[in-house]
Amino acid sequence: MSSELEPKSERELAGELEVELERDAGLASAELEELASPNHAGSWGAAFASTFTTVFLAELGDKTQLAALLLSAESGRPGVVFIGASLALICSSLVGVLLGRWLARLMAPQQLERLAGILMVALGLWLGRQAVLGLVPATPDLPLN
Amino acid sequence: MTLALLASTFVTVFLAELGDKTQLAIVSISGTSTRPGAVFAGSSAALVLASLLGAAAGGSLSAVIPTNALQLAASVGFLVIGVQLIRRSGKLESADQLAD
């Protein structure tokens with residue numbers, strides 16, 4: 001009799017624990033929604049807009065090579081060059097998205113978020129340094145004037 | 001002839017973009033977002049439009065719009081998102097420890 005009861009109560013305990021864990025997970029995800037940062041925005045449009053803004057501003061002014069390629073009189077067919085370049089850019093962003101999804105499956109969320117955060121801060125510092133160098137042209141002889 | 005030009009442009013630009021800072025940003029946005037489709041559409045549109053603008057301005061985009069100032073604003077945005085992600089990862093970790 002007791003040998004029949006014991007496994008049952010154990011199972012019940014396990015069930016209770018599971019419910020508790022689920023509730024904790026629910027709380028954590030609710031907290032996440034509350035903390036919604038631009039790239040955690042709920043709607044498709046918001047995710048599109050924040051990604052667009054981030055990438056657009058980061059790439060702006062960094063397309064001089066491509067512009068030179070498009071303008072090169074060598075080919076005489078800027079339309080074809082533009083289509084080829086656009087396809088390449090779209091493919092490169094697809095590679096980036098797939099790489100991100102692959103990492104998301106591979107790593108724990110908090111690990112990936114910390115890594116992504118460190119990467120973003122590093123990119124921000126680098127981008128900021130570039131922008132400041134562009135705004136303040138390197139003129140080593142300026143203090144002498 | 002057209003195909004050869006198309007292919008050579010594709011390969012040149014694709015290889016140049018691999019491992020670029022923009023792609024790293026896309027990887028981190030995609031990895032931490034639940035909407036990969038929106039991230040893909042947004043980044044593709046931004047990349048194509050930025051290159052179109054660059055070409056239309058004849059490679060001297062900085063003469064038309066203040067690209068450096070905009071990039072400085074973008075870098076501040078990157079820093080804010082990065083700090084938010086790091087803080088959130090800390091909160092997630094403490095939530096995990098509470099569950100244990």
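How close do the axes of helix 4 of chain A and helix 2 of chain B come, and at what angle do they cross? They come within 7 Å and cross at roughly 40 degrees. The legends below concern a predicted model, in which local features need pLDDT of at least 70, side-chain atom pairs count only at pLDDT 80 or more, and totals for chains, interfaces and linings use all residues. Residues are numbered from 1 along each chain as its sequence is written, and chains are lettered from A and ligands numbered from 1 in the order in which they are written.

**View 1. The two chains.** Chain A comprises five helices and zero strands, in the order α-α-α-α-α along the sequence. Chain B likewise has five helices and zero strands. Helices (H or I, at least four residues) and strands (E, at least two) are DSSP runs, numbered from the N terminus. Of the 145 residues of chain A, 28% count as buried; for the 100 residues of chain B the figure is 41%. A residue is buried if 20 or more other C-beta atoms, placed from the backbone, lie within 10 Å of its own.

**View 2. The side of chain A that touches chain B.** The contact takes 77 residues from chain A and 71 residues from chain B, two residues being in contact if their C-beta atoms, placed from the backbone, lie within 7 Å. Helix 4 of chain A gives the most to the chain A side, with 23 residues. That side divides into 48 nonpolar, 21 polar and eight charged residues. Here Ala, Val, Leu, Ile, Met, Phe, Trp, Tyr, Cys and Pro count as nonpolar, Asp, Glu, Lys and Arg as charged, and the others, Gly among them, as polar.

**View 3. Helix 4 of chain A against helix 2 of chain B.** The crossing angle of roughly 40 degrees makes helix 4 of chain A oblique to helix 2 of chain B. Axes are lines fitted to C-alpha atoms, for helices over the stretch in contact, and angles run from 0 to 180 degrees between N-to-C directions. Angles under 35 degrees count as roughly parallel, over 145 as roughly antiparallel, 65 to 115 as roughly perpendicular and the rest as oblique. The crossing is right-handed. Among the contacting residues are Gly96(A) and Gly100(A) of helix 4 and Ser28(B) and Gly31(B) of helix 2. By class, this contact has eight nonpolar, eight polar and one charged residues.

**View 4. Helix 4 of chain A against helix 1 of chain B.** Helix 4 (residues 78-106) of chain A packs on helix 1 (residues 2-17) of chain B at about 40 degrees, with the axes 8 Å apart. This pair is therefore oblique. The residues that meet include Leu87(A) and Cys91(A) in helix 4, and Phe10(B) and Phe14(B) in helix 1. The contact has 13 nonpolar, four polar and one charged residues.

**View 5. Helix 5 of chain A against helix 2 of chain B.** The two helices pack at an angle of about 150 degrees, with their axes 9 Å apart, which makes them roughly antiparallel. Trp126(A) and Met120(A) of helix 5, with Lys21(B) and Leu24(B) of helix 2, are among the residues in this contact.

**View 6. The largest nonpolar core.** Of its 35 residues, Val55(A), Phe56(A), Ile26(B) and Val39(B) touch the most other members. A nonpolar core is a set of buried Ala, Val, Leu, Ile, Met, Phe, Trp, Tyr and Cys residues joined through C-beta atoms within 7 Å. Helix 2 of chain A provides the largest share of this core, seven residues.

Technical notes. A residue is buried if 20 or more other C-beta atoms lie within 10 Å of its own, exposed if 12 or fewer, and partly exposed in between; C-beta atoms are placed from the backbone. A crossing is left-handed if the near helix is turned anticlockwise from the far one by less than a right angle, and right-handed if clockwise.
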